[in-house]
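Reader: I am new to reading protein structures. Could you walk me through this one, step by step?

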Amino acid sequence: FFNEEYYYWGGFAQTKKFDTDAANGIYENQYAVYNASASHGSNSLVYYYDDYNEPCDIVIKGDHVLTSVRLNLTTYTYASITNEDINTYARVFGDGDYLKVVFTSLKDGKEVGKVECYVVDYRDGKQLMATHWDVFDLTPLGKDYERVRVKIETSDVGEYGANTPLYIAIDEMSFM
């Protein structure tokens, strides 16, 4: 979707941009994937979600079942997590912080399965950050569903919702 009044978008956008310079992690560079390689990310999706709009669903046609996905940070999100956002909305992540993508499979409007993919996980002494197209298993979504809802959640939440820019790069969504 695109909101003309406030000039912002949400959902999925195709991108071929990548930028590993965190200094370029500004809103104007919101479509750049933080790390791309010759084998991944040269033609990926950027997904943006916020609490003010409905999440986007991936509609499944036929008997296909999602099995895995590669996820990566965008340059804008990476810079916000590691260097403080240039707009000063987000804070640098520390112990206990996380950013996760939640995939929920639905059939007839009811939840069938759920997978939480931690792309940044600083909980319980961990220091994990998906910056190299990490693969996540989606088989727990089940085998009989019509759509998969995609949401992004963060531990950096303020009075008006998430402070961390909720952008994620998606590539190689596999199915059988």
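**A walk through the model**

Author: Happily! In this predicted model, 5 strands form an open sheet with antiparallel pairing, and their order is 5-11-7-8-9.

Reader: Which strands are the edge strands of that sheet?

Author: Look for strands that pair on one side only. In the order 5-11-7-8-9, read the two ends. The edge strands are strand 5 (56-59) and strand 9 (128-129).

Reader: How many helices and strands does the chain have?

Author: The open sheet takes in 5 strands, but the count for the chain covers helices as well as strands. The chain has 1 helix and 14 strands.

Reader: How many bridges join strand 7 to strand 8?

Author: Strand 7 covers residues 98-107 and strand 8 covers residues 110-121, and the two run antiparallel. One opposite pair to find on screen is Tyr98 with Asp121 of strand 8. The number of bridges that join these strands is 10.

Reader: And which residue of strand 7 stands opposite Arg147 in strand 11?

Author: Strand 7 also runs antiparallel to strand 11, with 8 bridges joining them. On strand 5, Val59 has Arg147 as its bridge partner, and 4 bridges join strand 5 to strand 11. In strand 7, the residue opposite Arg147 is Leu106.

Reader: Which residues make up the covered face of strand 11?

Author: In a regular strand the side chains alternate between the two faces of the sheet, so we can read the strand in two sets. In strand 11 (residues 147-154), the uncovered face holds Arg147, Arg149, Lys151 and Glu153. The covered face is Val148, Val150, Ile152 and Thr154.

Reader: Is Thr104 buried or exposed?

Author: Thr104 belongs to strand 7. Leaving out residues up to four places away in sequence, Thr104 touches Glu111, Gly113, Lys114, Leu141, Arg147, Val148 and Arg149. Its relative accessible area is 12%, and the cut-off is under 20%, so Thr104 is buried.

Reader: Why is strand 6 described as largely enclosed?

Author: Strand 6 (residues 66-72) pairs antiparallel with strand 14 (residues 167-175) over 5 bridges, where Leu66 has Phe175 as its bridge partner. Strand 6 also pairs antiparallel with strand 10 (residues 134-137) over 4 bridges, and there Leu71 stands opposite Asp134. Strand 6 is largely enclosed by the rest of the structure because its buried residues number 7 of the 7.

Reader: How many of the 9 residues of helix 1 are buried?

Author: The buried residues of helix 1 are Thr75, Tyr76, Thr77, Tyr78, Ala79, Ser80 and Ile81. Their cover includes strand 7, strand 8, strand 9 and strand 14. Helix 1 (residues 75-83) is largely enclosed by the rest of the structure, because the buried count is 7 of the 9.

Reader: What radius of gyration does the chain have?

Author: Along its principal axes, the C-alpha trace spans about 45 × 40 × 35 Å. A compact globule of 176 residues would have a radius of gyration near 16 Å, and the chain agrees with that, at 16 Å.

Reader: What share of the residues is buried?

Author: The chain exposes about 9300 Å², and carbon and sulfur atoms supply 48% of that area. For residues, the count runs over the 176 residues in the chain. The buried share of them is 48%.

Reader: How far apart do the centres of the positive and negative side chains lie?

Author: Two sets are compared here: 15 positive side chains and 28 negative ones. The distance between their centres is 8 Å.

Key:
Residues are numbered from 1 along each chain as its sequence is written. This is a predicted model: local features need pLDDT of at least 70, side-chain atom pairs count only at pLDDT 80 or more; totals for chains, interfaces and linings use all residues. Side-chain values use heavy atoms; hydrogens and water are left out. Two strands pair if DSSP finds at least two bridges between them. The radius of gyration is taken over C-alpha atoms; the globule rule is 2.2 Å times the number of residues to the power 0.38. Buried means under 20% relative accessible area, exposed over 50%, partly exposed in between (1.4 Å probe, protein chains only). Accessible areas come from the Shrake-Rupley method with a 1.4 Å probe; for residues, only the protein chains shown count as cover. Lys and Arg count as positive and Asp and Glu as negative; His and the chain ends are not counted. The place of a charge is taken as NZ of Lys, CZ of Arg, CG of Asp or CD of Glu. Contact means heavy atoms within 4.5 Å.
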